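Q: Please take a close look at one strand and its surroundings. I would like to know how its residues are placed and what they touch.

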Amino acid sequence: DRIFFINGERGHDTTLMESRKNYRFRVINITALGPRFNVTLLHNGLPVTWKILSKDGADLPFNQQIIKTASVQKISIGETLDFEFQAKEEGDYIFEVRGGNSKLAVSKVIRVANKS
């Protein structure tokens with residue numbers, strides 16, 4: 001059985017975020033048993049977009065910091081990727097980590113609301 005941590009915790013508690021605020025996601029694959037895993041960020045069952053900022057701790061040149069669909073982003077052993085995400089709509093977003101076989105390993109609810 002694989003172990004996955006989100007924000008240093010194994011639990012699946014909901015994370016709260018504000019709409020229209022930039023957040024940085026850092027995804028690190030330090031597994032030893034599987035060659036890669038895939039991450040996806042969904043809202044209403046559909047992938048959102050995020051911007052890739054860095055790879056393996058080094059910021060990418062501006063022209064390589066592209067906005068892309070947050071769907072099935074492959075992350076290999078020893079690889080670190082940073083993404084910038086800004087929720088434009090309120091509601092629940094789902095961050096999923098799946099193994100290379102597409103089996104769900106862990107998911108986390110990200111609840112987005114306007115700051116009041």
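A: What follows looks at strand β9 and its neighbours, with the whole chain first and another strand at the end.

The model is a predicted one. The protein has zero helices and 11 strands, so-called β-β-β-β-β-β-β-β-β-β-β when read along the sequence. It has 116 residues, of which 36% count as buried. Among contacts between residues at least 6 apart in sequence, 66% join residues at least 24 apart. The accessible surface comes to about 7300 Å², and carbon and sulfur atoms account for 51% of that surface.

Strand β9 covers residues 80-86, and phenylalanine 83 lies in it. Phenylalanine 83 has a relative accessible area of 0%, and is therefore buried, given that the cut-off for buried is under 20%. Leaving aside residues up to four places away in sequence, phenylalanine 83 touches Tyr23, Arg24, Phe25, Val27, Trp50, Lys51, Ile52, Leu53 and Gln73. Isoleucine 67 is 16 residues from phenylalanine 83 along the chain, and the C-alpha atoms of these two residues are separated by 9.3 Å.

Aspartate 82 is also placed in strand β9. Its relative accessible area is 1%, so aspartate 82 is buried. Its side chain makes a polar contact of 2.8 Å with the side chain of arginine 24. Another polar contact, of 2.6 Å, joins the side chains of aspartate 82 and arginine 26. Not counting residues up to four places away in sequence, the residues that aspartate 82 touches are Arg24, Phe25, Arg26, Lys51, Ile52, Leu53 and Ser54.

Next come the aromatic rings. A pair of aromatic rings is described by the distance of the centres and the angle of the planes. The count of aromatic pairs comes to five. In one of them, phenylalanine 25 and phenylalanine 85 have ring centres 5.9 Å apart and planes at 90 degrees, so the pair is edge-to-face. Phenylalanine 25 belongs to strand β2 (residues 22-28) and phenylalanine 85 to strand β9, so this pair ties together parts that are 60 residues apart in sequence. Both phenylalanine 25 and phenylalanine 85 are buried. Phenylalanine 85 also pairs with tyrosine 93: the ring centres are 5.5 Å apart and the planes stand at 70 degrees, so this pair is edge-to-face. The relative accessible area of phenylalanine 85 is 2%, and tyrosine 93 counts as buried at 3% relative accessibility. Ring pairs link Phe25, Trp50, Phe83, Phe85, Tyr93 and Phe95 into a cluster.

Another strand can be described in a similar way. Strand β3 (residues 36-43) is mostly covered, with seven of its eight residues buried. It runs antiparallel to strand β8 (residues 73-76), to which four bridges join it; here arginine 36 stands opposite serine 76. Strand β10 (residues 91-99) is joined to β3 by seven bridges, and these two strands run antiparallel. Across that pairing, valine 39 has valine 97 as its bridge partner. Two bridges join β3 to strand β4 (residues 46-47), again antiparallel, with histidine 43 partnered by leucine 46. The hairpin of β3 and β4 has two residues between the strands, and asparagine 44 takes a positive phi near 55 degrees there.

Terms used. Residues are numbered from 1 along each chain as its sequence is written. This is a predicted model: local features need pLDDT of at least 70, side-chain atom pairs count only at pLDDT 80 or more; totals for chains, interfaces and linings use all residues. Side-chain values use heavy atoms; hydrogens and water are left out. Buried means under 20% relative accessible area, exposed over 50%, partly exposed in between (1.4 Å probe, protein chains only). Contact means heavy atoms within 4.5 Å. Rings of Phe, Tyr and Trp (its six-membered ring) pair if their centres lie within 6.5 Å; planes under 30 degrees apart count as stacked, over 60 as edge-to-face and the rest as tilted. A polar contact is a pair of N or O atoms within 3.5 Å; within protein, one must be able to donate a hydrogen and the other to accept it, and residues adjacent in sequence count only if both atoms are side-chain atoms. Accessible areas come from the Shrake-Rupley method with a 1.4 Å probe; for residues, only the protein chains shown count as cover. Two strands pair if DSSP finds at least two bridges between them.
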